[in-house]
Amino acid sequence: MKKLTIACFLIVGSAIGAIAQNSQYDEKLAQELGADDYGMKKYVIAFLYRGERVQEYSPEKRAELQRGHLDNITKLAEEGKMVLAGPFFGNEELRGLFFFNVASIEEAQQLTETDPAIQAGILKMDLKEWYGSAALPLLLEMHSKIAKEDI
């Protein structure tokens, strides 16, 4: 009887484990994206704030720096280093976010230093590690299918 009870527990436990596992799991894709068992991974988020030197530049120079800022975002996205970026509405101190697909804050710091708006003091960034879906890089592919014009 004791062996039968143990066997029943093992069968029920195996069935529960099979139910709990995702039937759509794609091991190859999970490995390509660097996903853990929960489909998650670490990113570094850059919180972009208004810099102290904004007023030092003419509107034309600020427009030039903004163009360089956008071009830098595109370059980093094409390299797979940035998976999401965008501004906030309004004219507040907190200007936008970058989601870096990198292993460390130090690497994200090096990437932020390639931004002309950061170099000019128009923007400054605060970097934080974040745990989110490893599928985030797939958004860029989807975005290109719905964007009528490039930024």
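In this predicted model, a good place to start is the charged side chains, which form 11 salt bridges. Three of them are listed here, each with its closest nitrogen-to-oxygen distance.

| Salt bridge | N to O distance |
|---|---|
| Glu 52 and Lys 124 | 2.6 Å |
| Glu 107 and Lys 81 | 2.8 Å |
| Lys 128 and Asp 126 | 3.9 Å |

Take the pair of Glu 52 and Lys 124 to begin with. Glu 52 sits in the loop between β1 and α3, while Lys 124 belongs to strand β4, so this salt bridge ties together parts that are 72 residues apart in sequence. Glu 52 is exposed, with a relative accessible area of 63%, and Lys 124 is partly exposed at 37%.

Glu 107 and Lys 81 also meet in a salt bridge. This pair links distant parts of the chain, with Glu 107 in helix α4 and Lys 81 in the loop between α3 and β2, 26 residues apart. Both partners are partly exposed: Glu 107 has a relative accessible area of 24%, and Lys 81 has 27%.

In the bridge between Lys 128 and Asp 126, Lys 128 is partly exposed at 43% and Asp 126 is partly exposed at 31%.

Now for a charged residue without such a partner. Asp 115, in the loop between α4 and α5, is buried yet has no salt bridge. How far away is the nearest side chain of opposite charge? That side chain is Lys 75, and it lies 9.8 Å from Asp 115. Leaving aside residues up to four places away in sequence, Asp 115 touches His 69, Asn 72 and Phe 98.

Two of those contacts, His 69 and Asn 72, are among the buried residues of helix α3, so let us look at that helix next. Helix α3 runs over residues 59–78, and at 1.5 Å a residue its 20 residues should span 28 Å; the end C-alpha atoms are 29 Å apart, which agrees. Its buried residues are Leu 65, Gly 68, His 69, Asn 72, Ile 73 and Leu 76. Seen down the axis of α3, they fall within an arc of 145°, so they line one face of the helix. The general pattern helps here: an α-helix has 3.6 residues a turn, so residues three or four places apart point the same way.

What do the buried residues of α3 pack against? Their partners are the strands β1 (40–50), β2 (82–87), β3 (94–100) and β4 (123–133), together with the helices α4 (105–112) and α5 (116–119). The face of α3 turned away from the buried side carries the exposed residues Pro 59, Glu 60, Glu 64 and Glu 78. Just after α3, Gly 80 takes a positive phi of about 80°.

Finally, the aromatic rings. There are three aromatic pairs. In one of them, Tyr 43 and Trp 130 are tilted, at 6.0 Å centre to centre with 40° between the planes. This pair links distant parts of the chain, since Tyr 43 is in strand β1 and Trp 130 is in strand β4, 87 residues apart. Tyr 43 is buried at 0% relative accessibility, whereas Trp 130 is partly exposed at 35%. Phe 98 and Phe 100 form an edge-to-face pair, 5.7 Å centre to centre with 85° between the planes. Phe 98 is buried, with a relative accessible area of 3%, and Phe 100 is buried at 0%. Ring pairs also link Tyr 43, Phe 99 and Trp 130 into a cluster.

Notes
Residues are numbered from 1 along each chain as its sequence is written. This is a predicted model: local features need pLDDT of at least 70, side-chain atom pairs count only at pLDDT 80 or more; totals for chains, interfaces and linings use all residues. Side-chain values use heavy atoms; hydrogens and water are left out. Helices (H or I, at least four residues) and strands (E, at least two) are DSSP runs, numbered from the N terminus. The expected span of a helix is 1.5 Å times one less than its number of residues. Buried means under 20% relative accessible area, exposed over 50%, partly exposed in between (1.4 Å probe, protein chains only). The arc is that of the directions from the helix axis to the C-beta atoms. Contact means heavy atoms within 4.5 Å. Lys and Arg count as positive and Asp and Glu as negative; His and the chain ends are not counted. A salt bridge is a side-chain nitrogen of Lys or Arg within 4 Å of a carboxyl oxygen of Asp or Glu. Rings of Phe, Tyr and Trp (its six-membered ring) pair if their centres lie within 6.5 Å; planes under 30 degrees apart count as stacked, over 60 as edge-to-face and the rest as tilted.
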